[in-house]
Amino acid sequence: MAAGTSNYWEDLRKQARQLENELDLKLVSFSKLCTSYSHSNARDGRRDRYSSDTTPLLNGSSQDRMFETMAIEIEQLLARLTGVNDKMAEYTNSAGVPSLNAALMHTLQRHRDILQDYTHEFHKTKANFMAIRERENLMGSVRKDIESYKSGSGVNNRRTELFLKEHDHLRNSDRLIEETISIAMATKENMTLQRGMLKSIQSKMNTLANRFPAVNSLIQRINLRKRRDSLILGGIIGICTILLLLYAFH
């Protein structure tokens, strides 16, 4: 029975690791798709500035479809990994589990932390993609209005140039924001590594704290013995002093 339950636990761990590896690869591709989408639309915007506006801004409809497909796949993988984690939790809470329950709980918590990090990263990347797409829609509409106004009969070229320069400034600001997001994601990864190190240190500190009561008890016994010896020695010295005084004044 123990061997059967152990094999069941190992099978669940293998499934969890396989799903985590697949999610890691999918999330990297998902993030690259979001970045390439922004860069592709930026290049399209520069081309459209010097050509007739016959091509729609969001010519990355294939990227949109790829985004939807990858989002569905990642959501399915997250759901499967959640199911595996739930089975692992049921196993640790079931009767007849060996005395290694603490180690099993530690492993389960690690898989849960990985699932939480992947879920957060997916939602963050998805939100960034949607924000970029909405921003590109808005920018495309503004640029089309500018181009239409520029091609009109009573247009002021100077004003159009100012609009275009302002548009460039907005795109530069968007690039700076994307760089800031990249730095934030790198910082998150470093924070995750530091959190693991802090957890390890905390575990060691808890181990030392559990040992301190025994050390404190030993120190207290030593102090009591020293106090007792001091009292005995003081009493002997006092008696000897009294005897000497009695002898001296006799």
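**Exercise 1. Find the residues that join lysine 199 and aspartate 113 to the fold.**

Task: State how the side chains of lysine 199 and aspartate 113 meet, and place both residues in the chain.

Solution.
Step 1. The side chains of lysine 199 and aspartate 113 form a salt bridge, at 2.9 Å from N to O. The model is a predicted one.
Step 2. Place the partners. Lysine 199 belongs to helix H4 and aspartate 113 to helix H3, so the pair ties together parts 86 residues apart in sequence.
Step 3. Check accessibility. Lysine 199 has a relative accessible area of 40%, so this residue is partly exposed. Aspartate 113 has 13%, so this residue is buried. The cut-off for buried is under 20%.

**Exercise 2. Work through two further salt bridges.**

Task: Which helices do the pairs glutamate 73 with lysine 26 and lysine 126 with glutamate 75 link?

Solution.
Step 1. Recall the principle. Side chains of opposite charge can pair when their charged atoms come close.
Step 2. Take the pair of glutamate 73 and lysine 26. Their side chains meet in a salt bridge of 2.6 Å, N to O. Glutamate 73 sits in helix H2 (residues 61-93) and lysine 26 in helix H1, so parts 47 residues apart in sequence are tied together.
Step 3. Add accessibility. Glutamate 73 is partly exposed at 28% relative accessibility. Lysine 26 is partly exposed, with a relative accessible area of 28%.
Step 4. Take lysine 126 and glutamate 75. Their salt bridge spans 3.3 Å, N to O. The pair links distant parts of the chain: lysine 126 is in helix H3 and glutamate 75 in helix H2, 51 residues apart.
Step 5. Add accessibility again. Lysine 126 is partly exposed, with a relative accessible area of 27%. Glutamate 75 is partly exposed at 36% relative accessibility.
Step 6. Set these pairs in context. The count comes to 5 salt bridges.

**Exercise 3. Explain the status of glutamate 121.**

Task: Is glutamate 121 buried or exposed, and how far away is the nearest side chain of opposite charge?

Solution.
Step 1. Locate the residue. Glutamate 121 lies in helix H3.
Step 2. Glutamate 121 is buried, yet has no salt bridge.
Step 3. Look for a partner. The nearest side chain of opposite charge is lysine 188, 4.4 Å away. A salt bridge needs a side-chain nitrogen within 4 Å of a carboxyl oxygen, so this pair does not count as one.
Step 4. List the contacts. Leaving out residues up to four places away in sequence, glutamate 121 touches Leu27, Met185 and Lys188.

**Exercise 4. Describe the largest pocket.**

Task: What volume does the largest pocket have, and which element gives the most to its lining?

Solution.
Step 1. The volume of the largest pocket is about 1100 Å³.
Step 2. Its lining has 38 residues. Nearest the centre lie Glu121, Met185, Lys188, Glu189 and Thr192.
Step 3. Assign the lining to elements. Helix H1 (2-49), helix H3 (101-150) and helix H4 (157-248) each give two or more residues. H4 gives the most, with 18 residues.
Step 4. Sort by type. The lining holds 11 nonpolar, 13 polar and 14 charged residues.

**Exercise 5. Summarise the chain.**

Task: How many helices and strands does the chain have, and what percentage of its residues count as buried?

Solution.
Step 1. The chain has 4 helices and 0 strands. Along the sequence the pattern reads α-α-α-α.
Step 2. Of its 250 residues, 26% count as buried.
Step 3. Turn to contacts between residues at least 6 apart in sequence. Among them, 80% join residues at least 24 apart.

Notes
Residues are numbered from 1 along each chain as its sequence is written. This is a predicted model: local features need pLDDT of at least 70, side-chain atom pairs count only at pLDDT 80 or more; totals for chains, interfaces and linings use all residues. Side-chain values use heavy atoms; hydrogens and water are left out. On a 1 Å grid over the protein atoms alone, a cavity is a set of points where a 1.4 Å probe fits but cannot get out, and a pocket is an open set with protein on both sides within 12 Å along at least five of seven lines; lining residues have an atom within 4 Å of a point. Grid points are joined across faces, edges and corners, and a volume is the space filled by probe spheres set on the points. Ala, Val, Leu, Ile, Met, Phe, Trp, Tyr, Cys and Pro count as nonpolar, Asp, Glu, Lys and Arg as charged, and the others, Gly among them, as polar. Buried means under 20% relative accessible area, exposed over 50%, partly exposed in between (1.4 Å probe, protein chains only). Lys and Arg count as positive and Asp and Glu as negative; His and the chain ends are not counted. Contact means heavy atoms within 4.5 Å.
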